[in-house]
Amino acid sequence: MSQKSAIVIAQGSFQNASAWEQFVRKLREAGFPTEHVKLPSMSTATPAPRFSDDVAAIQSAISRFRDAGRNVFVLCHSSGGVSGSNSVAGFDNVGVIFVSAFAIAKGKSMVEIGGGPPQPWMDIQGDRIILRPETLSRTAYNDLSEEDQSKWAKELSPTSIALFEGVSQYEPWSEGVPCAYVFCSEDNGLPPQRQQNMAALLGPESVTRTIKSGHSPFLSMPDKLVETIAEIEGELRQKFEA
(Lines give C-alpha, C1' and ligand atoms only; values in the text may rest on other atoms or scores of the structure.)
Protein backbone atom coordinates (compact mmCIF):
# COMPACT_ATOMS: atom_id res chain seq x y z
CA MET A 1 0.00 0.00 0.00
CA SER A 2 1.33 3.47 -0.88
CA GLN A 3 2.06 6.02 1.80
CA LYS A 4 -0.56 8.50 2.89
CA SER A 5 -0.62 11.89 1.27
CA ALA A 6 0.51 15.06 2.97
CA ILE A 7 -2.14 17.60 3.94
CA VAL A 8 -1.58 21.32 3.44
CA ILE A 9 -4.20 23.44 5.20
CA ALA A 10 -5.37 26.63 3.50
CA GLN A 11 -7.54 28.02 6.27
CA GLY A 12 -10.27 30.59 5.97
CA SER A 13 -9.90 34.19 7.03
CA PHE A 14 -9.88 35.77 10.48
CA GLN A 15 -9.48 32.72 12.74
CA ASN A 16 -6.08 32.50 14.41
CA ALA A 17 -3.91 29.44 13.81
CA SER A 18 -4.46 28.33 17.43
CA ALA A 19 -7.95 27.17 16.43
CA TRP A 20 -6.41 24.62 14.07
CA GLU A 21 -3.81 23.12 16.40
CA GLN A 22 -5.92 20.24 17.73
CA PHE A 23 -7.10 19.25 14.25
CA VAL A 24 -3.56 19.38 12.86
CA ARG A 25 -2.36 17.15 15.70
CA LYS A 26 -5.13 14.64 15.04
CA LEU A 27 -4.30 14.51 11.32
CA ARG A 28 -0.66 13.78 12.17
CA GLU A 29 -1.69 11.12 14.67
CA ALA A 30 -3.72 9.53 11.86
CA GLY A 31 -0.56 9.29 9.76
CA PHE A 32 -0.89 12.37 7.57
CA PRO A 33 2.12 14.70 7.39
CA THR A 34 0.38 18.05 7.80
CA GLU A 35 1.31 21.70 7.48
CA HIS A 36 -0.97 24.55 8.45
CA VAL A 37 -0.01 27.57 6.33
CA LYS A 38 0.39 30.94 7.98
CA LEU A 39 -1.48 33.19 5.57
CA PRO A 40 0.08 36.58 4.78
CA SER A 41 -3.41 38.10 4.35
CA MET A 42 -3.87 37.79 8.12
CA SER A 43 -0.60 39.50 8.97
CA THR A 44 -0.08 43.14 9.97
CA ALA A 45 2.30 43.76 7.06
CA THR A 46 2.16 47.08 5.23
CA PRO A 47 0.97 47.42 2.54
CA ALA A 48 -1.75 44.85 3.13
CA PRO A 49 -0.83 41.50 1.54
CA ARG A 50 -2.61 40.43 -1.61
CA PHE A 51 -4.40 37.29 -2.73
CA SER A 52 -1.28 36.25 -4.64
CA ASP A 53 0.76 36.36 -1.43
CA ASP A 54 -1.48 33.73 0.15
CA VAL A 55 -1.23 31.57 -2.99
CA ALA A 56 2.58 31.77 -2.89
CA ALA A 57 2.69 30.79 0.80
CA ILE A 58 0.54 27.71 0.17
CA GLN A 59 2.64 26.78 -2.86
CA SER A 60 5.77 26.84 -0.72
CA ALA A 61 4.25 24.24 1.59
CA ILE A 62 3.18 22.08 -1.36
CA SER A 63 6.69 22.27 -2.82
CA ARG A 64 8.32 21.02 0.36
CA PHE A 65 6.14 17.90 0.40
CA ARG A 66 6.38 17.26 -3.33
CA ASP A 67 10.18 17.60 -3.18
CA ALA A 68 10.09 14.88 -0.52
CA GLY A 69 8.09 12.64 -2.86
CA ARG A 70 4.72 12.98 -1.13
CA ASN A 71 1.36 13.30 -2.83
CA VAL A 72 -0.39 16.38 -1.48
CA PHE A 73 -3.97 17.35 -0.77
CA VAL A 74 -4.72 20.99 -0.07
CA LEU A 75 -7.49 21.15 2.51
CA CYS A 76 -9.32 24.42 2.00
CA HIS A 77 -11.75 26.00 4.42
CA SER A 78 -14.08 28.93 3.70
CA SER A 79 -12.21 31.74 1.88
CA GLY A 80 -9.16 29.48 1.73
CA GLY A 81 -10.92 27.66 -1.09
CA VAL A 82 -9.87 30.29 -3.60
CA SER A 83 -6.21 30.69 -2.64
CA GLY A 84 -5.93 26.94 -1.99
CA SER A 85 -7.34 25.89 -5.34
CA ASN A 86 -5.15 28.42 -7.16
CA SER A 87 -2.06 27.16 -5.34
CA VAL A 88 -2.06 23.73 -7.01
CA ALA A 89 -1.42 25.14 -10.49
CA GLY A 90 1.76 23.67 -11.97
CA PHE A 91 2.05 20.70 -9.59
CA ASP A 92 1.51 17.02 -10.27
CA ASN A 93 0.12 14.51 -7.77
CA VAL A 94 -1.90 17.12 -5.92
CA GLY A 95 -5.59 17.34 -5.08
CA VAL A 96 -7.98 19.77 -3.42
CA ILE A 97 -10.46 19.08 -0.62
CA PHE A 98 -12.97 21.87 -0.03
CA VAL A 99 -14.50 21.97 3.46
CA SER A 100 -17.42 24.38 3.34
CA ALA A 101 -15.12 26.44 1.15
CA PHE A 102 -15.39 28.81 -1.78
CA ALA A 103 -14.93 27.20 -5.19
CA ILE A 104 -15.22 29.91 -7.81
CA ALA A 105 -14.78 30.13 -11.55
CA LYS A 106 -11.62 31.46 -13.16
CA GLY A 107 -11.88 35.20 -13.63
CA LYS A 108 -14.11 35.74 -10.61
CA SER A 109 -13.42 37.02 -7.09
CA MET A 110 -15.15 36.40 -3.78
CA VAL A 111 -16.47 39.95 -3.83
CA GLU A 112 -18.09 39.35 -7.21
CA ILE A 113 -19.97 36.26 -6.05
CA GLY A 114 -21.10 37.76 -2.76
CA GLY A 115 -18.48 36.15 -0.56
CA GLY A 116 -16.66 39.27 0.54
CA PRO A 117 -17.47 42.64 2.05
CA PRO A 118 -19.94 43.98 2.83
CA GLN A 119 -21.37 41.27 5.09
CA PRO A 120 -23.28 41.84 8.34
CA TRP A 121 -20.51 40.13 10.35
CA MET A 122 -17.72 42.28 8.87
CA ASP A 123 -16.36 45.72 9.79
CA ILE A 124 -14.07 47.46 7.30
CA GLN A 125 -11.18 49.37 8.85
CA GLY A 126 -8.95 50.88 6.19
CA ASP A 127 -7.44 48.10 4.09
CA ARG A 128 -8.41 45.40 6.59
CA ILE A 129 -11.60 43.65 7.64
CA ILE A 130 -12.38 42.56 11.18
CA LEU A 131 -15.19 40.30 12.32
CA ARG A 132 -17.88 41.37 14.73
CA PRO A 133 -17.47 38.81 17.54
CA GLU A 134 -21.08 39.11 18.65
CA THR A 135 -22.24 37.64 15.31
CA LEU A 136 -20.12 34.48 15.45
CA SER A 137 -22.36 32.42 17.71
CA ARG A 138 -24.87 32.44 14.84
CA THR A 139 -22.56 32.24 11.84
CA ALA A 140 -19.32 30.39 12.60
CA TYR A 141 -19.77 28.76 16.01
CA ASN A 142 -23.43 27.74 16.12
CA ASP A 143 -22.59 24.13 17.06
CA LEU A 144 -20.05 25.00 19.76
CA SER A 145 -20.72 25.38 23.47
CA GLU A 146 -21.10 28.91 24.82
CA GLU A 147 -17.75 28.50 26.54
CA ASP A 148 -16.01 27.58 23.28
CA GLN A 149 -17.83 30.29 21.37
CA SER A 150 -16.46 32.86 23.79
CA LYS A 151 -12.98 31.35 23.68
CA TRP A 152 -12.58 31.29 19.91
CA ALA A 153 -14.24 34.67 19.36
CA LYS A 154 -11.19 36.09 21.13
CA GLU A 155 -8.81 34.30 18.75
CA LEU A 156 -9.33 36.44 15.66
CA SER A 157 -7.15 38.61 13.45
CA PRO A 158 -7.94 41.21 10.78
CA THR A 159 -7.76 40.09 7.16
CA SER A 160 -6.68 42.08 4.13
CA ILE A 161 -9.52 43.30 1.92
CA ALA A 162 -7.29 42.51 -1.05
CA LEU A 163 -7.79 38.79 -0.41
CA PHE A 164 -11.50 39.06 -1.20
CA GLU A 165 -10.84 41.18 -4.28
CA GLY A 166 -8.28 38.75 -5.71
CA VAL A 167 -9.30 37.22 -9.04
CA SER A 168 -9.07 33.45 -9.37
CA GLN A 169 -6.65 32.39 -12.09
CA TYR A 170 -7.08 28.62 -11.99
CA GLU A 171 -9.77 25.94 -11.87
CA PRO A 172 -8.19 22.68 -10.70
CA TRP A 173 -11.36 20.72 -11.51
CA SER A 174 -11.03 21.82 -15.15
CA GLU A 175 -7.41 20.67 -15.31
CA GLY A 176 -7.86 17.08 -14.15
CA VAL A 177 -6.88 17.74 -10.53
CA PRO A 178 -8.76 15.40 -8.14
CA CYS A 179 -11.24 17.40 -6.07
CA ALA A 180 -13.64 16.72 -3.22
CA TYR A 181 -16.17 18.75 -1.29
CA VAL A 182 -17.17 18.25 2.35
CA PHE A 183 -20.59 19.77 2.99
CA CYS A 184 -21.27 21.16 6.47
CA SER A 185 -25.02 20.74 6.78
CA GLU A 186 -25.53 23.06 9.78
CA ASP A 187 -23.39 25.92 8.45
CA ASN A 188 -24.97 29.36 8.87
CA GLY A 189 -21.96 31.25 7.55
CA LEU A 190 -21.78 29.51 4.18
CA PRO A 191 -25.22 27.92 3.93
CA PRO A 192 -25.60 24.40 2.48
CA GLN A 193 -27.30 25.59 -0.73
CA ARG A 194 -24.36 27.85 -1.52
CA GLN A 195 -21.99 24.99 -0.79
CA GLN A 196 -23.96 22.77 -3.18
CA ASN A 197 -23.91 25.40 -5.90
CA MET A 198 -20.15 25.76 -5.70
CA ALA A 199 -19.52 22.03 -5.45
CA ALA A 200 -21.43 21.63 -8.73
CA LEU A 201 -18.49 23.34 -10.44
CA LEU A 202 -16.24 20.42 -9.54
CA GLY A 203 -17.98 18.11 -11.98
CA PRO A 204 -19.20 14.49 -11.84
CA GLU A 205 -15.76 13.03 -11.04
CA SER A 206 -15.51 14.83 -7.71
CA VAL A 207 -16.02 13.11 -4.37
CA THR A 208 -18.45 14.49 -1.80
CA ARG A 209 -19.19 13.87 1.85
CA THR A 210 -21.59 15.51 4.30
CA ILE A 211 -21.01 16.07 8.00
CA LYS A 212 -23.55 17.47 10.44
CA SER A 213 -21.46 20.47 11.39
CA GLY A 214 -21.52 24.22 11.52
CA HIS A 215 -18.94 26.35 9.74
CA SER A 216 -16.00 25.26 11.91
CA PRO A 217 -15.87 21.43 12.04
CA PHE A 218 -12.16 21.55 12.88
CA LEU A 219 -13.35 22.91 16.24
CA SER A 220 -16.72 21.25 16.77
CA MET A 221 -15.98 17.73 15.50
CA PRO A 222 -12.28 17.30 14.67
CA ASP A 223 -12.36 13.50 14.95
CA LYS A 224 -15.21 13.21 12.46
CA LEU A 225 -13.48 15.63 10.10
CA VAL A 226 -10.23 13.63 10.26
CA GLU A 227 -12.20 10.44 9.56
CA THR A 228 -13.86 12.11 6.57
CA ILE A 229 -10.60 13.46 5.19
CA ALA A 230 -9.03 10.00 5.53
CA GLU A 231 -11.87 8.46 3.52
CA ILE A 232 -11.54 11.04 0.78
CA GLU A 233 -7.75 10.80 0.66
CA GLY A 234 -7.93 7.02 0.34
CA GLU A 235 -10.37 7.29 -2.55
CA LEU A 236 -8.68 10.12 -4.44
CA ARG A 237 -5.13 8.84 -3.93
CA GLN A 238 -5.99 6.03 -6.33
CA LYS A 239 -6.17 8.59 -9.13
CA PHE A 240 -2.46 9.32 -8.65
CA GLU A 241 -1.67 5.62 -8.80
CA ALA A 242 -3.78 4.78 -11.86
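Trainee: How many residues of strand E8 (residues 179-184) are buried?

Mentor: Strands and helices here are DSSP runs, numbered from the N terminus (strands: E, at least two residues; helices: H or I, at least four). Buried means under 20% relative accessible area, exposed over 50%, and partly exposed in between, with a 1.4 Å probe and protein chains only. E8 is largely enclosed by the rest of the structure, because its buried residues number six of six.

Trainee: What kind of model is this?

Mentor: Residues are numbered from 1 along each chain as its sequence is written, and side-chain values use heavy atoms, with hydrogens and water left out. Local features need pLDDT of at least 70, side-chain atom pairs count only at pLDDT 80 or more, and totals for chains, interfaces and linings use all residues, since the model is predicted.

Trainee: Which residues point the other way from Cys179, Tyr181 and Phe183 in E8?

Mentor: Two sets of side chains leave this strand in opposite directions, and all are buried. Cys179, Tyr181 and Phe183 take one way. The other way belongs to Ala180, Val182 and Cys184.

Trainee: Which residue stands opposite cysteine 184 in E9?

Mentor: Two strands pair if DSSP finds at least two bridges between them. E8 runs parallel to strand E9 (residues 207-211), with five bridges. E8 also pairs in the parallel sense with strand E4 (residues 94-101), over four bridges. On the E9 side, cysteine 184 faces isoleucine 211.

Trainee: Where does valine 96 fit in?

Mentor: Valine 96 faces cysteine 179 of E8. E4 also runs parallel to E3, joined by seven bridges. There, valine 96 in E4 stands opposite valine 74.

Trainee: Which residue of E3 stands opposite alanine 10?

Mentor: Strand E3 (residues 72-78) has seven of seven residues buried, so the rest of the structure largely encloses it. E1 runs parallel to E3, with five bridges between them. Alanine 10 faces cysteine 76.

Trainee: Which strands stand at the edges of the open sheet E5-E6-E7?

Mentor: This open sheet has three strands, paired antiparallel in that order. An edge strand has a single partner, so one side of it is left without a neighbour in the sheet; that describes strand E5 (122-125) and strand E7 (159-160).

Trainee: What is the bridge partner of methionine 122 in E6?

Mentor: E5 pairs with strand E6 (residues 128-131) over four antiparallel bridges. In E6, methionine 122 has as its partner leucine 131.

Trainee: How many aromatic pairs does the whole structure hold?

Mentor: Rings of Phe, Tyr and Trp (its six-membered ring) pair if their centres lie within 6.5 Å; planes under 30 degrees apart count as stacked, over 60 as edge-to-face, and the rest as tilted. A search of the whole structure gives a total of seven.

Trainee: How many residues apart are phenylalanine 14 and phenylalanine 164?

Mentor: Their rings are stacked, 6.1 Å centre to centre with 25° between the planes. Both residues are buried. Phenylalanine 14 lies in the loop between strand E1 (6-10) and helix H1 (21-29), and phenylalanine 164 in helix H6 (residues 161-165); the separation is 150 residues.

Trainee: Why do tryptophan 20 and phenylalanine 23 get their pair name?

Mentor: Both are buried: tryptophan 20 has a relative accessible area of 2%, and phenylalanine 23 has 0%. Their ring centres are 6.0 Å apart with planes at 65°, so the pair is edge-to-face.

Trainee: Which residues form one aromatic cluster?

Mentor: Tyr181 and Phe183 already appeared among the buried residues of E8. The full cluster is Phe98, Trp173, Tyr181 and Phe183.

Trainee: How far is lysine 4 from the ring centre of phenylalanine 32?

Mentor: A charge sits over a ring if NZ of Lys or CZ of Arg is within 6 Å of the ring centre and within 35 degrees of the ring normal. Lysine 4 lies over the face of phenylalanine 32, at a distance of 4.8 Å.

Trainee: Is glycine 176 buried or exposed?

Mentor: Glycine 176 is in the loop between H6 and E8. Its C-alpha is 9.3 Å from that of glycine 95, though 81 residues separate them in sequence. Its relative accessibility is 64%, so glycine 176 counts as exposed.

Trainee: What is the radius of gyration of the protein chain?

Mentor: The chain has nine helices and nine strands. The globule rule (2.2 Å times the number of residues to the power 0.38, with the radius taken over C-alpha atoms) gives 18 Å for 242 residues. The chain comes close to that, so it is as compact as a globular protein of that length, at 16 Å.
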